[in-house]
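This report introduces a protein chain to a reader who has not met it before. The sequence and the structure are shown first, and the description follows.

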Amino acid sequence: IELKNGRMSFGVASSLMMNIATFVDPFAEITYCINALHTASTLKDRFLHFVNNHQTPLIKQKATSGNQITMEHIDYQIGTYQLKIEELIFEKGKKYVIVGKSGSGKTTFIKALMGYYMDMDGRMELDGQEISFSPAWYAMVSMVYQGTVFLNDTIYNNITLYKTYDRKAVEKLMEKVNLGNMINHLVNGLDTVIEENGKNVSGGEGQRLAIARALIKNPQIILVDEATSALDPSLTSEIEHLLLGLEGKTVISITHKLDLDILRQYDEVIVFENGTIVKHGTCDELLKGYYKMSGGKTINLIS
């Protein structure tokens, strides 16, 4: 560095500071990463401690058989949202659809089934025995969300979430969710990389991949939170028929799209209003009191 009359020019000083920052910043970043890794390691240890010490049986003193879910005297309120259910039964293998206007308690209900509210009053049972929201319960239940998060990784890893599954089983699952042709036409097949946030995946493909991710562990109960809300009618119909065709699986699905042909295929339609169930039964039964035709094959809830 040349000094003029023992002084450093502003330009030289600025350049020197930038060079120093370029040298020092990586060390500061390394320090941050070390702290983050240490924190993550601590959280991992706490999580594993919880899992290893809370392996309570899903059903106390009794093995599961019919996988019938019963909810009784449920009472919970969070902010302006509330959930009040006197009694509701879901039978194994049947298909249920939850409908209601925005804010009626549909999502709060699904979250209750996922064990979000541990301080909720009431009782939830599986085959007559109280559910303990342990890893055993979550092994039986899968959730299909409205917005699916995709990793910048292969299709295989996005489906399996880094657990080990036989590739032929995954390929068979792709056929089941109507993605077999897509996989066969990809040069790298299951090893094709999904871009960040699923940029190279269409809406219909994304929802089918989400269903495949939910099905890979062979759950007995599938919960669906408005999985078709962003899809057009033809794709909505395709995804709904896929869910309805899952033999032996109990499906509990939230929807705001009231298509008469689709609703008629569900075993039971459950209407929520202000956090409570105001009516439930077959679609045709509800047409008499809680639905009205809106033209074509769509229906509206009566206010």
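His-73 lies in strand β1, which spans residues 69-78. In this predicted model, the phi angle of His-73 is near 55 degrees, a positive value in a residue other than glycine. Asp-127 likewise has a positive phi near 55 degrees and is not a glycine. Asp-127 is placed in the loop between β4 (121-126) and β5 (129-130). A further positive phi, of about 60 degrees, is taken by Asn-178, just after helix α5. The table gathers these values.

| Residue | Phi | Place |
|---|---|---|
| His-73 | near 55 degrees | strand β1 (residues 69-78) |
| Asp-127 | near 55 degrees | loop between β4 (121-126) and β5 (129-130) |
| Asn-178 | about 60 degrees | just after α5 |

Is Asp-127 buried or exposed? The relative accessibility of Asp-127 is 12%, and because buried means under 20%, Asp-127 counts as buried.

Glu-125 belongs to strand β4. With a relative accessible area of 12%, Glu-125 is buried as well. The side chains of Glu-125 and Arg-123 are joined by a polar contact of 2.3 Å. Apart from neighbours within four places in sequence, Glu-125 is in contact with Gln-68, Ile-69, Thr-70, Glu-72, Glu-130 and Ile-131. One of these residues, Gln-68, is 57 residues from Glu-125 in sequence, while the C-alpha atoms of the two are 7.9 Å apart in space.

The chain as a whole can now be described. Its secondary structure consists of 10 helices and 12 strands. The chain has 303 residues, of which 39% count as buried. Among contacts with a separation of 6 or more, 68% are between residues 24 or more positions apart. The accessible surface of the chain is about 17,400 Å², and carbon and sulfur atoms contribute 53% of that surface.

Strand β7 (residues 221-225) is mostly covered, with five of its five residues buried. In a regular strand, side chains alternate between the two faces of the sheet. In β7, Ile-221, Leu-223 and Asp-225 point one way and Ile-222 and Val-224 the other way, and all are buried.

Two strands pair with β7. Strand β6 (residues 141-144) pairs with β7 in the parallel sense over four bridges, and Ser-142 has Ile-222 of β7 as its bridge partner. Strand β8 (residues 250-254) also pairs with β7 in the parallel sense, over five bridges. There, the bridge partner of Ile-222 is Val-251 in β8. Between β7 and β8 the chain passes through helix α8 (residues 233-244), forming a right-handed β-α-β crossover.

The final element considered is helix α5. At its start, a side-chain oxygen of Asp-166 comes to within 3.1 Å of the backbone nitrogen of Lys-168. Which residues of α5 (residues 167-176) are buried? They are Val-170, Leu-173 and Met-174. These residues lie on the same side of α5, because they cover an arc of only 105 degrees around the axis. An α-helix has 3.6 residues a turn, so residues three or four places apart point the same way. The buried residues of α5 pack against α4 (155-160), α6 (180-185) and α7 (203-215). On the face turned away from the buried side, α5 carries the exposed residues Lys-168 and Lys-172.

Notes
Residues are numbered from 1 along each chain as its sequence is written. This is a predicted model: local features need pLDDT of at least 70, side-chain atom pairs count only at pLDDT 80 or more; totals for chains, interfaces and linings use all residues. Side-chain values use heavy atoms; hydrogens and water are left out. Buried means under 20% relative accessible area, exposed over 50%, partly exposed in between (1.4 Å probe, protein chains only). The arc is that of the directions from the helix axis to the C-beta atoms. Contact means heavy atoms within 4.5 Å. A polar contact is a pair of N or O atoms within 3.5 Å; within protein, one must be able to donate a hydrogen and the other to accept it, and residues adjacent in sequence count only if both atoms are side-chain atoms. Accessible areas come from the Shrake-Rupley method with a 1.4 Å probe; for residues, only the protein chains shown count as cover. Two strands pair if DSSP finds at least two bridges between them. A crossover is right-handed if, with the strands pointing away from the viewer, the path from the first strand over the helix to the second runs clockwise.
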